[in-house]
Amino acid sequence: MNGTVVDFPAGVVHGTGTVVDVVPVGEKVGVITDRTPFHPVDPSWPDQPADSGTLDGLTVVDCLVGAVDPDGGVAVDTAITARRGDEGYQWVVVHVVDGPSPTVGSIVDLQVDAPRRSALSRAHTGCHVSALALNAVVADLWRKEVPLDGIGNPDFDRIALTSSRMTPDEARDTYRLGKSLRKKGFDSAALLERLEELPGLVEAKVGQWVAADASVDIETAGPHLTDLRYWCCHVPEGTYRIACGGTHVTALRELGQLHVRYERPDDATLVAVTTVGG
Ligand SMILES: [Zn+2]
């Protein structure tokens with residue numbers, strides 16, 4: 001079996017695919033096709049949830065990643081033990097349906113829930129621009145040299161991010177502010193003193209990029225699920241480039257109104273909640 005060819009990085013929401021295998025997923029059926037517009041949730045970094053939609057009219061209740069071993073056995077989602085790049089493995093999209101399984105070799109119609117996909121794409125792009133604007137507005141709080149982002153600010157987002165979760169039109173990014181970050185040279189206390197001003201500063205920075213009509217594109221190293229992909233955003237200061245397997249809008253003006261607020265679930269954690277649309 002070859003790895004699945006994926007069309008979601010180009011923003012595609014509809015297509016057809018040939019069924020290459022059908023596997024059990026719990027009580028349900030996992031349908032693997034040669035190509036698909038469906039975005040599966042990534043088991044190792046589940047930031048953007050699976051697309052929903054239909055497969056030949058059947059409801060796709062979940063969409064997962066599968067790893068096919070050299071003998072043709074398929075491990076799904078968190079049962080996967082192989083790593084990307086392991087010799088002999090192929091990586092596939094598994095459409096989980098609740099209903100009669102289509103036969104191997106048949107051609108099926110694949111329709112993603114387009115409004116939900118659009119809202120997840122807005123959330124994902126909003127997540128990245130909110131984070132990059134945060135990099136810019138806390139750039140003066142680093143006391144040591146650390147890796148920089150695409151336009152030369154210390155990359156707080158990459159260094160401090162511990163989890164990221166998107167829902168339609170909202171992203172929640174969790175950052176660690178504790179001892180390990182302070183050891184890297186970040187002045188967490190100064191950030192907390194600035195906490196009330198942060199939303200306004202971040203929204204103003206994003207506003208400048210929207211006013212400049214910043215565009216977004218996805219660079220891909222190949223057509224398959226596990227080929228490397230990069231989110232590229234072209235702002236007046238330069239180009240941001242982030243490794244990313246999700247879906248996105250093509251210009252920041254499509255985000256609508258972006259708002260951000262910061263929550264403190266505990267002393268060592270900052271959660272950025274970015275909402276878009278509206
Ligand atoms: Zn991303």
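## The zinc site

Three residues hold the zinc ion in this predicted model: His 124 and His 128, each through NE2, and Cys 244 through SG, at 2.0 to 2.2 Å. Donors here are N, O and S atoms within 2.8 Å of the metal (3.2 Å for Na, K and Ca), and since water is not among the atoms, sites may look incomplete. Read along the sequence, the spacing of the donor residues is H-x3-H-x115-C.

His 128 sits in helix 1 (residues 114-137), while Cys 244 is in the loop between strand 14 (238-243) and strand 15 (259-263), so this pair ties together parts that are 116 residues apart in sequence. Helices (H or I, at least four residues) and strands (E, at least two) are DSSP runs, numbered from the N terminus. Buried or exposed, what is His 128? His 128 is buried, with a relative accessible area of 10%, and Cys 244 counts as buried at 10% too. (Buried means under 20% relative accessible area, exposed over 50%, partly exposed in between, with a 1.4 Å probe and protein chains only.)

## The sheet

Now for an open sheet of four strands, in the order 10-11-16-15, with antiparallel pairing. Two strands pair if DSSP finds at least two bridges between them. Strand 10 (161-167) and strand 15 are the edges, each pairing on one side only. Strand 11 (residues 170-176) and strand 16 (residues 269-275) share seven bridges, and Glu 170 has Thr 275 as its bridge partner.

## How it was worked out

Residues are numbered from 1 along each chain as its sequence is written. Local features need pLDDT of at least 70 and side-chain atom pairs 80 or more, while totals for chains, interfaces and linings use all residues, and side-chain values use heavy atoms, leaving out hydrogens and water.
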